[in-house]
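Dear colleague,

I am passing on the structure below, and my notes on it follow. Please read them with the model open beside you.

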Amino acid sequence: MTTTKNDAEMRELAGKRALVTGGSRGIGAAIVRQLLDAGAEVLTTARSKTSTVPEGAAFVEADVRTRAGVQAVARAAQEVLGGVDILVDNAGGARPFQNVWAIPDEEWQDQLDLNYLASVRLDALLTPGMRERRSGVVVHVSTAAVPTSAPPFLHYTAAKAALLNYSRGLALELAPFGVRVNAVSPGRTATPGGEATREQWASLGEGPGQDNTAPPLGRDGRPDDIANAVLFLVSDRASWLTGRNITVDGGEFPVG
Ligand SMILES: NC(=O)c1ccc[n+]([C@@H]2O[C@H](COP(=O)([O-])OP(=O)(O)OC[C@H]3O[C@@H](n4cnc5c(N)ncnc54)[C@H](OP(=O)(O)O)[C@@H]3O)[C@@H](O)[C@H]2O)c1
């Protein structure tokens, strides 16, 4: 069946302009695909364009760990979309180390830049427009592993914990302007980045937090499991929801 313009106009996010960081694969690509299916216009980013960037999305190449990279993304959002109604700060990732003393100083900085400051910087450039228009939604992608503080990933979980703390504060700042801010914290999800990280972790040998038993729901997450929660949060169905963190992990983590 072909999709007519009227079908597109009737979709839930028709007319919305969305920016998703890290949409070239994994969870980000699933979010981009679902946003497109819901009728949004989507711009996504990564350090390089790949064949797995969903068709129909505009793309800008940038490294969001740097201020210049974040500025390039915000500029592209203005040029391509003319503004942003939906911002999903998703780009991120982890690199495990044997223990806390093995994490080099530059890795702590790198993880803060990627998993925390990239969102702070991008939000700082794009949420003033939402505040002025008195409408908009932001979703931060953190991790269900924050409460575990597992030593191989302490630099990662600490940065993602900061992201959750900041997300709540930004929500309170923006609530009077009708702009909602929430977080989604994925559990173990089958993505290229997730699999690579778990292989690196396994190669370090037995250590704290190593547990390969499936979550209570019996399987690892799929990118669409996480994208479903993001799509709910950016839609009007979540219009009375702000400052919250939804953990999507098949029931694995005790807190969340
Ligand atoms: N998969 C899991 O099990 C899991 C669990 C908890 C939380 N998460 C979180 O979910 C989010 C998505 O993870 P994923 O598993 O989908 O990872 P992924 O498969 O590695 O995809 C990450 C995406 O982010 C982009 N990216 C990475 N570093 C970047 C940088 N410096 N600048 C710009 N873009 C960058 C990647 O493209 P390039 O590399 O080409 O730049 C890619 O598009 C991350 O925030 C991650 O921490 C994942």
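**Strands, a buried threonine and a pocket**

In β3, valine 60 is the bridge partner of threonine 45, where strands are DSSP runs (E, at least two residues) and helices likewise (H or I, at least four), numbered from the N terminus. This is a predicted model, in which local features need pLDDT of at least 70 and side-chain atom pairs count only at pLDDT 80 or more, while totals for chains, interfaces and linings use all residues. Residues are numbered from 1 along each chain as its sequence is written, and side-chain values use heavy atoms, with hydrogens and water left out.

Strand β2 (residues 41-46) pairs with β3 (residues 58-61) in the parallel sense over four bridges, pairing being called when DSSP finds at least two bridges between two strands. Five bridges join β2 to strand β1 (residues 17-21), again in parallel, and alanine 18 has valine 42 as its bridge partner in β2. Five of the six residues of β2 are buried, that is, under 20% relative accessible area with a 1.4 Å probe and protein chains only.

Threonine 191 lies in the loop between β6 (179-186) and α6 (192-203), and counts as buried because its relative accessibility is 12%. Leaving aside residues up to four places away in sequence, threonine 191 touches Gly26, Ile27 and Pro223, contact meaning heavy atoms within 4.5 Å.

Best regards

Terms used
Buried means under 20% relative accessible area, exposed over 50%, partly exposed in between (1.4 Å probe, protein chains only).
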